[in-house]
Amino acid sequence: MGVEVEFLGISARTAAQALARAFGGTCVEEDPHAFHVPDTAIGRLSVELDARHAHPQREAGLRFRLNPAVAAWLGMALGGVVPRELITAPLPFDELHRVDDAVRALRDAGARGAGTTWLGSLGLHFNIDPPSLDADTITAVLKAFLLQNAQLRRETTGPGLTPAFLPASYPDDYVRRVVAPDYWPDLPTLAEDYLAANPTRNRDLDLLPLFLHLFPARVRAALPHEKIGSRAVFHYRLPQAHVSDPAWSLAGAWNGWAGVEALAGDRDELLRHWRSLHERAA
């Protein structure tokens with residue numbers, strides 16, 4: 001699983017240098033607001049400003065491109081309000097505690113974050129490798145996530161997070177259709193249904209990167225300018241990052257996802273959860 005952690009307080013350069021000191025490796029500049037440390041003790045680490053126009057060399061989906069000098073200035077202007085993002089390479093599940101070590105190194109260097117800013121949330125995102133890319137596996141995980149989504153929101157968001165800062169809910173009609181016991185489509189139908197109901201990245205479980213990997217022409221035809229990276233992963237983006245808090249860990253959010261995978265692997269439990277949801281809605 002790859003991990004993304006958003007924070008404020010220090011520049012991408014300062015953050016990358018702190019990671020290189022803590023874990024070894026060489027800090028490599030991609031642009032003034034994006035840096036990589038490719039050879040650390042926990043694999044490749046990157047830090048970048050979460051603003052696409054600050055990185056003009058990246059072509060995908062940009063309607064217009066700034067020249068490098070203007071992009072560098074824009075990044076400096078946005079640095080006080082737009083988060084920086086730590087991005088890890090995929091890690092085995094039993095090494096995820098090393099991400100907490102990386103967060104500690106950033107905090108010691110001056111990084112901060114308490115889940116939200118006045119503009120929005122500071123996210124903790126997971127990029128989880130599916131056990132398989134077949135239709136039944138992806139559908140089962142989506143069913144399990146939708147059935148547990150309300151509980152996950154309660155468990156992984158603090159009381160101060162306003163609804164406007166949360167990813168938008170999945171449409172009710174779409175949820176009812178997907179969690180129904182007879183919904184087991186083939187992959188193209190699954191992707192078509194998802195795109196029709198969710199033509200946006202603004203979902204807790206964002207499947208656009210996965211569907212872009214599987215059906216690039218179809219996704220780009222529907223969303224030609226959306227900022228989507230093609231990745232064969234489940235992109236889970238609800239939890240908040242609390243970099244300022246020494247007691248904070250990504251373990252709680254990971255345990256929530258592990259519950260989704262456990263439910264996805266048990267057809268009888270999926271049916272029981274659907275029946276419970278159906279009875280409450282009746």
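On a 1 Å grid over the protein atoms alone, a pocket is an open set of points where a 1.4 Å probe fits, with protein on both sides within 12 Å along at least five of seven lines, and its lining residues have an atom within 4 Å of a point. A volume is the space filled by probe spheres set on the points, which are joined across faces, edges and corners.

The model is predicted: local features need pLDDT of at least 70 and side-chain atom pairs pLDDT 80 or more, whereas totals for chains, interfaces and linings use all residues. Residues are numbered from 1 along each chain as its sequence is written, and side-chain values use heavy atoms, without hydrogens and water.

**Exercise 1.** Describe the second largest pocket and its lining.

*Solution.* Begin with the volume, which is about 610 Å³ for the second largest pocket. Next, consider position: among the 22 lining residues, L146, L147, V175, L277 and R280 are the closest to the centre. Then assign elements, taking helices as DSSP runs of H or I with at least four residues and strands as runs of E with at least two, numbered from the N terminus. Two or more lining residues come from each of α4, α5 and α10 (267-281). Finally, sort by class: nine residues of this lining are nonpolar, seven polar and six charged. Here Ala, Val, Leu, Ile, Met, Phe, Trp, Tyr, Cys and Pro count as nonpolar, Asp, Glu, Lys and Arg as charged, and the others, Gly among them, as polar.

**Exercise 2.** Determine which residues of helix α5 (residues 172-179) are buried.

*Solution.* Apply the cut-offs for relative accessible area: buried is under 20%, exposed over 50%, and partly exposed in between (1.4 Å probe, protein chains only). The buried residues of α5 are Y174, V175, V178 and V179. Their arc, taken from the directions from the helix axis to the C-beta atoms, is only 115°, so they lie on the same side of α5. On the other side of α5, D172, D173 and R176 are exposed.

**Exercise 3.** Characterise the largest nonpolar core.

*Solution.* Such a core joins buried Ala, Val, Leu, Ile, Met, Phe, Trp, Tyr and Cys residues through side-chain atoms within 4.5 Å. The largest one has 73 residues, and V5, F126 and W257 have the most contacts inside it. Helix α4 (residues 135-156) supplies the largest share, 10 residues. Now inspect F126, with contact meaning heavy atoms within 4.5 Å. Not counting residues up to four places away in sequence, the residues that F126 touches include M1, F234, Y236, L250 and W254.
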